[in-house]
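Visitor: Could you walk me through this one? I'd like to start with how the chains meet.
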Amino acid sequence: MSLFARTGRLSLSRQQLLRAAAPAPVTGGSGDQRLEIIRRVLFEQPTRETPNLEGEALQQHETIERAWKLHQNQERERRNRELEKKFRKMSAAMNELEKTSDRLFKAAIVKSRHITFPREMKIPTETPSPQGWNHDYTPPVEVVPAKNS
Amino acid sequence: MIARTLPRMLGKGAHLSRSFATSIQARAPLVSSNYRIASGIVLSRTPQITRDSTPFEKAYFDYSEKLERQSAIPLPADFYFKKGSLAERRWKEDEAARMKAMADPKLSLSEAVKETQVKQEDADVTTQMNKFETGSRLSEADKKNDIKSLNRALQRTLYLIVKKPRDQHAWQFPQGAVEEGEYLHDAAERELEEECGKNMDVWFVGRQPVGHYAYKFPEDHVAKYPGATGAKVFFMKAHVFAGQCNPDNKEVVDFAWVTKDELPNYVSPEYFNAVKDMLSDL
Amino acid sequence: MALRLLAQRSLARAAPSHRLFSTGAVVASSHGLNRLKEHYHNIVAEDLMVLTYDHTKVSPPTLKNADLEALLNNAISEKVEEPVVVAPKVEEVRKRKGGKPLKPIQPLKNGSNIPTLDKITVHAMVKDAIHQKNHILSAFMALQSITATKPEVIFAKTSVANWKLREGMPIGVKVTLRGKEMYQFLDKLVEIVLPRLKEWHGLPMTSGDGNGNIGIGFPPSALALFPEIEGSFDMYPKMTGFDVVFNTTANTNAEGRLLLSGFNVPFKGAKTQTKK
């Protein structure tokens, strides 16, 4: 079965790749052998047929997908509402500060240009560390450079 | 000197407070329009572990996994694994488990693989030697319901509240008056150190207040400390990464780390209404 | 809500042959959740909102009260509202120093347009493909292994005689990642690859394209650090270098860097505000 007969069923990227990498003349060398293996892996793969759901199964699948999309929508709306509440609270506080004290307001608007999140702000993991929270933290003592007398 | 510079600093409509001018060491607190300006700290410990997924999320994930497997190209094992290697053997066992799980509607792919992986780990000596411990998602503090521990409610955000030595409105976020010549975030750091000790690794999120609350002092307080009829608190947001609160037992006698839903059990209803919009539900 | 119940009920009623899912035993875990995505939505987004707030550019609220309860209370209590007079806008011509191309107008800030990660583009240019077409296969396979999506081949748009490049020649591979795959790739990068890079201490604080997108280039040795390639390292005849571009919805470089640092991407010489 020639490669060309299969072209119609291949995905776009596979077609692009076929165009890109035509079979090389047989020369030898391990590099070429590996490339042949990769070519075989990429092109001559038995494809699993996408199951065409019909009837009740299709309805079920569609319902599940719609339920999931609805769930995602609701989650997004909930998150946006919470963020909007926090935003308005912050905005109101800044307005109040502007009315209250000019000096403090000017200091509050100052933005640090190269600010980043600290490295201690770790992404939550599935399980916590076995040591748990470090309740016994003490701040590091700042080393004052000794003066040469 | 103070009399000349303060009006400029405070802006229009500010009244000078002279009641503390007698003590030279203590710097006078900032008062504007008869409200003392204070800065409060919303110190939070962010969630330490990922939250539990809802049954629907779990079910949908298992469903999608199987659906994707049905239409996916099988993995080219001869490319990824060396013939006869341990990794190949393990993968073959996992695949066999997955094939069985596809036919079984009660078993999800992830569960099937978990079982075989446990078997593989028990069989392999080196993993037994190098086994690393993992903590449990439900900590000791959860079981004991220790509200002072930061190991509690690992999926949620914990907020620090402190108790003032009085009967009414005792619990609140740490706060303190802003002094002259100080800015909000400086005042917040100083107050936190004074009231809660220095043994916490704290990071302030920017210099802006995230919320404010204005309230009037009760009449007996105004009679005792004239100069301001109320206070305006501007809350600054901060995170704690390590350490514990040590109350100074003068301004603050007790503390607790609570989630947003537990907060109404401690603070007054008006205070909760004022601060709830700043806090996270999770 | 009704749809969700319907879905769950219909799933319960399904015939065994069509039932392709299972809920399994109810064990408390975050099974099915994306760790980085949850981190962004729960922790990073609100801090980012505070740090990128600009009081001069606040968008007016669409709802007078974002709090639903307050909105309902206001609806019940009858208040008379005065009509708001809006002054007509005067069109102004925007210019930039040195005649440089204009940047897009930054939208007003509100709770819904916080900087977020839009997509990640992984791209590898294979120069060897000029004289030997097959070499592109190696890069294609490598990127497919890393990102779990099929890459697309990039063909040359113009001919350059110096490099013997002709138009239409396949010269590179590219993958665009969004959503779940994007977060998984970023997770791998941050937890496994970046810590293992030799003599690399973080992205410079000058990185960014002016619009909040940040790119990083990797040497060929970095490809071997990915877990998918580590095991079958010998099967790839040629390791190619590649670059990863983080496209964000941030408006400025500082915001983009801040966003990435929220995902634990290390930056060299980064300052956080005074910590105590």
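Guide: Keeping in mind that this is a predicted model, 59 residues of chain A are in contact with 74 residues of chain C.

Visitor: And how much area do chain A and chain C bury between them?
Guide: Chain A and chain C bury about 6,100 Å² between them, and 65% of that area lies on carbon and sulfur atoms.

Visitor: What about charges, then: how many salt bridges are there between chain A and chain C?
Guide: The count is one salt bridge, in which the side chains of C:Glu46 and A:Lys86 meet at 2.9 Å, N to O. Polar contacts between chain A and chain C come to 14 residue pairs, with both residues at pLDDT 80 or more.

Visitor: Which helices of chain A supply at least two residues each to that side?
Guide: On the side of chain A that touches chain C, α2 (12-20), α3 (30-43) and α4 (56-100) each do so, and the largest share, 23 residues, comes from α4(A). By class, that side of chain A has 26 nonpolar, 16 polar and 17 charged residues.

Visitor: Changing topic, how many cavities of 30 Å³ or more are there?
Guide: A search of the whole structure finds eight, and the largest cavity has a volume of about 100 Å³.

Visitor: What lines the largest cavity?
Guide: Its lining includes A:Lys86 and C:Glu46, the salt-bridge partners, and among the other lining residues are A:Met90, B:Tyr159, B:Asp277 and C:Met49. The helix α2(C) gives the most to this lining, with three residues, and the lining residues divide into seven nonpolar, one polar and four charged.

Notes:
Residues are numbered from 1 along each chain as its sequence is written. Chains are lettered from A and ligands numbered from 1 in the order in which they are written. This is a predicted model: local features need pLDDT of at least 70, side-chain atom pairs count only at pLDDT 80 or more; totals for chains, interfaces and linings use all residues. Side-chain values use heavy atoms; hydrogens and water are left out. Contact means heavy atoms within 4.5 Å. Buried area is the accessible area (1.4 Å probe) that two parts lose on being put together, summed over both. A salt bridge is a side-chain nitrogen of Lys or Arg within 4 Å of a carboxyl oxygen of Asp or Glu. A polar contact is a pair of N or O atoms within 3.5 Å; within protein, one must be able to donate a hydrogen and the other to accept it, and residues adjacent in sequence count only if both atoms are side-chain atoms. Helices (H or I, at least four residues) and strands (E, at least two) are DSSP runs, numbered from the N terminus. Ala, Val, Leu, Ile, Met, Phe, Trp, Tyr, Cys and Pro count as nonpolar, Asp, Glu, Lys and Arg as charged, and the others, Gly among them, as polar. On a 1 Å grid over the protein atoms alone, a cavity is a set of points where a 1.4 Å probe fits but cannot get out, and a pocket is an open set with protein on both sides within 12 Å along at least five of seven lines; lining residues have an atom within 4 Å of a point. Grid points are joined across faces, edges and corners, and a volume is the space filled by probe spheres set on the points.
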